[in-house]
Amino acid sequence: CPCCFTIPSIIIKLLTTASALTYGQRFLTKNSNKWVRRISFGITLIISLILVGIGLFLLVLSNNDDLRSRGFANFCAMQNLKDGGPMNEVRCAILNEANISGKVLEFGPGPGTNFKCFANNNNNSTTSIQEYVGVEPNTYFKEEMMREKEKRGLTFPLDFAPFKGEDYVDVTSGSFDAVVMTHVLCSVDSVERVLANAERALKPGGKMIIMEHVAAPDGTKLKMFQDVVGPIFNIIGNGCKVLDMKNIIESYLGNRFDVQLQEFEAPIPAFPLLFARPHVKGVATKK
């Protein structure tokens, strides 16, 4: 709401750390010579200013939904311009192996990131998509999706549904052949509610195609790193969270689906996405 103003805990931690560095430096170097004190103060001041800058940037983003949505859409659209790369190969391999056809529902399509893979599918008449619905609450993606569809030469009808995955209930039960969810469940409010809507939408024999980043094993250095940077990317990534996604999906779908998920390390750059390398991918087929 317009009158609401929140300060996420990560911002308080950043500002507190900056203050502690600035004041702590004086006590640690008070018995040193003047050049050591000056150099130490200069380095500490630079680090503190950087922390304060990051904190203020995150504060603005966290309290401005429109700016956060627009910025995230622009970032994803820029990334989507890259056609090659090992991550796209992984993405398209999953979608192609699933042999997607018929009526397709995708949660969180963003700027049409998977359309490059659908273009490959459409070269094979046995995997043609007849109708496509993209459920995407960030309306800044709509224009990018339409542009990407035209760029890839895709001819299937496209319906852009501007809803959260949890709220997309206006769908006939058992009406879709496939549901696609890649890098979306991390940012929803309730993974279980999105999975429930996906389950309801699927026909018996229909497939959920899933690829998500996941939490590293407890006690590992990577898990500790995820715990540190996770709150920052929760703001920058428009709600992105680090979750034990494989366990959540398998626990919810239970024996109602034939779930085939495998963990893997995604071939993505260490900077700035080292925390997101642990992934899970696979297909869940409705019984």
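1. A good place to start is the aromatic cluster: ring pairs link Phe115, Phe118, Tyr132 and Phe156. Rings of Phe, Tyr and Trp (its six-membered ring) count as paired if their centres lie within 6.5 Å, with planes under 30 degrees apart called stacked, over 60 edge-to-face and the rest tilted. Across the whole structure, the search finds 9 aromatic pairs.

2. A word on the basis: this is a predicted model, where local features need pLDDT of at least 70, side-chain atom pairs count only at pLDDT 80 or more, and totals for chains, interfaces and linings use all residues. Numbering runs from 1 along each chain as its sequence is written, and side-chain values use heavy atoms, leaving out hydrogens and water.

3. Phe115 and Phe156 meet edge-to-face, at 6.2 Å centre to centre and 85° between the planes. Phe115 lies in helix H5 (residues 115-121) and Phe156 in the loop between helix H6 (142-151) and strand S3 (158-161), so their pair ties together parts 41 residues apart in sequence. Helices (H or I, at least four residues) and strands (E, at least two) are DSSP runs, numbered from the N terminus.

4. Phe115 is buried, with a relative accessible area of 0%; buried means under 20%, exposed over 50% and partly exposed in between (1.4 Å probe, protein chains only). Phe156 is buried too, at 2%.

5. Tyr132 and Phe156 form a tilted pair, 5.5 Å centre to centre with 40° between the planes. Here strand S2 (residues 129-135), home of Tyr132, is linked to the loop between H6 and S3, with the two residues 24 apart. Tyr132 is buried, with a relative accessible area of 0%.
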